[in-house]
Amino acid sequence: MTDDQKLVVERVIDQPAGVLFEILSNPERHKELDETGTVVSDHKSDRIQEVGQVFTMNMHADAMGGDYQTDNHVTGYEENKRLAWQTVPAGTEPAGWQWMWELEPQGSDSTLVRLTYDWSKVTDKKVLERVKFPLFPESMLEQSLSRLATAAGS
């Protein structure tokens, strides 16, 4: 689903929600999910365990001048059900765009996974002038779901 301020993709993955949540809550595994090729590695982050936590990722993109880091401010956490965070250049405050993973069990061995890329809370006019949302097409989010399935062994 696409609207003017968010992209939402979903897919059923033949794994229990707990297995998928284990991958999603571990920043060391996020490189496996990244279809953009910009995530290089986790930067000594702990497993995601609560709202308010910040995890840092090492990134690389020529458009960003090469190597850089992002801070990811956890805005949603419900074990085996939901993870959400706002990503920003390291050392800055969130500007309002968010990534959210939602897991809905479909029996004991499969899970409906929904990935949302939402920029509806971006209100800073300078950010909106500088950043042309969406930064990523819906197809990249769909590929992230495929990569999660692969990482989980499905």
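K44 counts as exposed in this predicted model, because its relative accessibility of 74% lies over the 50% cut-off. The residue sits in the loop between strand 2 and strand 3, and its phi angle is near 60 degrees, a positive value in a residue other than glycine. N80 also has a positive phi without being glycine, with a value near 65 degrees, and is placed in the loop between strand 4 and strand 5. N80 is partly exposed, however, because its relative accessible area of 29% falls between the 20% and 50% limits.

Two further loops deserve a careful look. In the loop between helix 3 and helix 4 one finds P134, which is joined to F133 by a cis peptide bond with an omega of about -5 degrees. In the loop between strand 5 and strand 6 lies A90, a partly exposed residue with 35% relative accessibility. Which residues does A90 contact, once its neighbours within four places in sequence are left aside? They are Q69, T70 and D71, and for T70, which is 20 residues away from A90 along the chain, the C-alpha atoms of the two residues are separated by 4.5 Å.

**The chain as a whole**

These loops belong to a chain that contains four helices and seven strands. Read from the N terminus on, the order of the elements is β-α-α-β-β-β-β-β-β-α-α, so that one strand and two helices come before a run of six strands, and two helices follow that run. The C-alpha trace spans about 45 × 35 × 30 Å along its principal axes. The radius of gyration is 15 Å, and this agrees with a compact globule, because a globule of 154 residues would be expected to have a value near 15 Å. Of the 154 residues in the chain, 44% are buried. Among the contacts in the chain with a separation of 6 or more, 47% are between residues 24 or more positions apart.

**Salt bridges**

How many salt bridges does a search of the whole structure find? The search finds seven, and three of them are set out in the table, with the N to O distance for each pair and the separation of the two residues along the chain.

| Salt bridge | N to O distance | Separation along the chain |
|---|---|---|
| E10 and R114 | 2.9 Å | 104 residues |
| E35 and R147 | 2.7 Å | 112 residues |
| E104 and R114 | 3.0 Å | ten residues |

R114 takes part in a salt bridge with E10 and in another with E104, and a network of salt bridges links E10, E102, E104 and R114. The bridge between E10 and R114 connects distant parts of the chain, since E10 belongs to strand 1 (residues 6-13) and R114 to strand 7 (residues 111-118). E104, for its part, lies in strand 6 (residues 98-105). Is R114 buried or exposed? R114 is buried, because its relative accessible area of 17% is under the 20% cut-off. By contrast, E10 is partly exposed at 46% relative accessibility, and E104 is partly exposed at 33%.

The bridge between E35 and R147 also links distant parts of the chain, with E35 in the loop between helix 2 (30-33) and strand 2 (39-42), and R147 in helix 4 (residues 138-151). E35 is partly exposed, with a relative accessible area of 27%, and R147 is likewise partly exposed, at 31% relative accessibility.

**The largest pocket**

Rolling a probe the size of a water molecule over the atoms shows where empty space is left. In this structure, the largest pocket holds about 970 Å³ of space. Its lining is made up of 36 residues, of which T38, M59, T87, W99 and F136 are the closest to the centre of the pocket. Which kinds of residue form the lining? The lining residues divide into 24 nonpolar, eight polar and four charged.

Several elements contribute to the lining of this pocket, and those that each supply at least two residues include strand 3 (54-61), strand 4 (66-78) and strand 5 (82-89). Strand 6 and strand 7 do so as well, and the helices that each supply at least two lining residues are helix 2, helix 3 (125-130) and helix 4.

Definitions and conventions
Residues numbered from 1 in each chain as written. Predicted model: local features only at pLDDT ≥ 70, side-chain atom pairs only at ≥ 80, totals over all residues. Heavy atoms only, no water. Salt bridge = Lys/Arg side-chain N within 4 Å of Asp/Glu carboxyl O. Buried < 20%, exposed > 50% of the residue type's maximum accessible area, 1.4 Å probe, protein only. 1 Å grid on protein atoms, 1.4 Å probe; cavity = no way out; pocket = protein on both sides within 12 Å on 5 of 7 lines; lining within 4 Å. Points joined across faces, edges and corners; volume = space filled by probe spheres on them. Nonpolar A, V, L, I, M, F, W, Y, C, P; charged D, E, K, R; others polar. Contact = heavy atoms within 4.5 Å. Rg over C-alpha atoms; globule rule 2.2 N^0.38 Å.
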